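Trainee: I have a model open and would like to talk through its cysteines and a helix pair. Could you walk me through them?

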Amino acid sequence: MTTLDTTPAPTPVPALAAPAPAADPLSVWPASTAEPRQGDIEVGGVPLAECAERFGTPVYVLDENEVRDRCRGYRAAFPEAEVLYAAKAFLCRAVAHWIEEEGLGLDVCSAGELELAVTTGFPPDRITLHGNAKSPRDLETALRLGVGRIVIDSPSEIARLAAAVGPDGRQKVMVRVVPGISAGGHAKIRTGTDDQKFGMSISDGYAQHAIVRILDQPQLELTGLHCHLGSQVTSVRPYLAAVRRLVGLMATLRRQHGLLLPELDLGGGHGIAYRPGDPVLDVAALARRVRAELASACAAAGLPVPRLVLEPGRAITGPAGVAVYRVLAVKRTGGRVFVAVDGGMSDNPRPALYGVRYAPRLTGRHSAAASAPVTVVGRHCEAGDVLAADVPLPADVRPGDLLALPVAGAYHLSMASGYNLVGRPPVVAVRDARARLLVRRESLDDIRGRDVGL
């Protein structure tokens, strides 16, 4: 991973500043988090134990004000840019409504995400469709609903999309290019290099060839270049390198084809902290330095400055969520203490996929016991079903206790599975000391209803 950018930042933007010192155990929790009594953690004025009692466990708790504040923080940091929320992080009707009210656009990857957003009332012209392998249904839905842009990811999409648009239609498109930059917190989420499935490479001319083909399609209006470097990027430097390489490609396109592109999309991937002291991307520094780099590179190339587009997802909803589990068993074996909870890899596959580490806390009761290292595991039939390895918890943790994992608002429910037919957890929004259900728990009736083969 690249190192942290150390350039001094201006006055921090609300909700996007660097985290509190590592000594603060609540530094990675939503800003509304409080502990009015030892052991009783509240988010949005609602005790997590109350959410567990009312809605059952596991349960995802999402702080509405935290989501909205982070949207406002991005708009303040990038007032001249278009900010699209990356729906793949987590999408439900309420979140789409919050995002729309806060003035952000939406970045979707499927007809499902697109239709949910539009039927909620999200303006389709503020939606961009992505995807490295868009299905005919994805493209048909996007054109029928009138999305603002479609990002072309491969040459095979060009003719298909032009034919779907029809001779009298017109669709704005961007081209996803690969700038050849390695960035991101894990090999599986680095997407800016030539050895992965997304986009078209600049270095071998593949992107340039695709652009020429798009220019030959009168139904397609090329508005700009797009790239996405990866996820959990915590340094500004890779984004600056991407700006230089994409502006270089823009200059080549102008020189060879007289083409002036009005938009430049740098994607998202902005890193957040999962544990106190983890590095994060300084969004205020990102805004300042990308703006300066873009202006400088365009001036050197003799180009007008294109409008910047960004696609944060995890950085908006991730820190706003908390997952609450109930302890089912405590086992001491092989010199280790295993604390098993009523969820696991079906509601959070990220530790198994990417080795992500969390900092769970006991909530719902005060313990005077000293901390001891334990491994929090899930209930599923898989040795890799580990939520948090070797983390400190009170030594008297016992069945019936509640454990809360912060930073659970992104890539938890959106990646949840039906493993062991456990059923996916509900999502509860908290705000101003009130809790309301956003997404209900998946029931056995839901599971039975899909099973029609007998």
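Trainee: Happy to start with the sulfurs. Which cysteine sulfur is closest to that of Cys 51, and why is there no bond?
Mentor: Keep in mind that this is a predicted model. A disulfide needs two cysteine sulfur atoms within 2.5 Å. The sulfur of Cys 51 has its closest cysteine partner 15 Å away, which is too far for a bond, and that partner is Cys 92.

Trainee: And what is the nearest cysteine sulfur to Cys 92?
Mentor: Cys 92 takes part in no disulfide either. Its nearest cysteine sulfur lies 13 Å away and belongs to Cys 71.

Trainee: How many disulfides does the whole structure hold, then?
Mentor: The two cysteines we discussed fit the wider picture. A search of the whole structure gives a count of zero.

Trainee: Is Cys 51 buried or exposed?
Mentor: The cut-off for buried is under 20% relative accessible area. Cys 51 has 1% relative accessibility, so it counts as buried. Cys 92, at 6%, is also buried.

Trainee: Now the helices. Are α8 and α9 roughly parallel or roughly antiparallel?
Mentor: Helix α8 spans residues 237-257 and helix α9 residues 283-301, with axes 9 Å apart and an angle of about 25°. Angles under 35 degrees count as roughly parallel. The two helices are therefore roughly parallel.

Trainee: What is the handedness of the crossing where α8 passes α9?
Mentor: Look at where they meet: residues in α8 including Leu 240 and Val 247 contact residues in α9, among them Leu 294 and Ala 297. By class, this contact has 11 nonpolar, no polar and three charged residues. The crossing of α8 past α9 is right-handed.

Definitions and conventions:
Residues are numbered from 1 along each chain as its sequence is written. This is a predicted model: local features need pLDDT of at least 70, side-chain atom pairs count only at pLDDT 80 or more; totals for chains, interfaces and linings use all residues. Side-chain values use heavy atoms; hydrogens and water are left out. Buried means under 20% relative accessible area, exposed over 50%, partly exposed in between (1.4 Å probe, protein chains only). Axes are lines fitted to C-alpha atoms, for helices over the stretch in contact, and angles run from 0 to 180 degrees between N-to-C directions. Helices (H or I, at least four residues) and strands (E, at least two) are DSSP runs, numbered from the N terminus. Angles under 35 degrees count as roughly parallel, over 145 as roughly antiparallel, 65 to 115 as roughly perpendicular and the rest as oblique. A crossing is left-handed if the near helix is turned anticlockwise from the far one by less than a right angle, and right-handed if clockwise. Contact means heavy atoms within 4.5 Å. Ala, Val, Leu, Ile, Met, Phe, Trp, Tyr, Cys and Pro count as nonpolar, Asp, Glu, Lys and Arg as charged, and the others, Gly among them, as polar.
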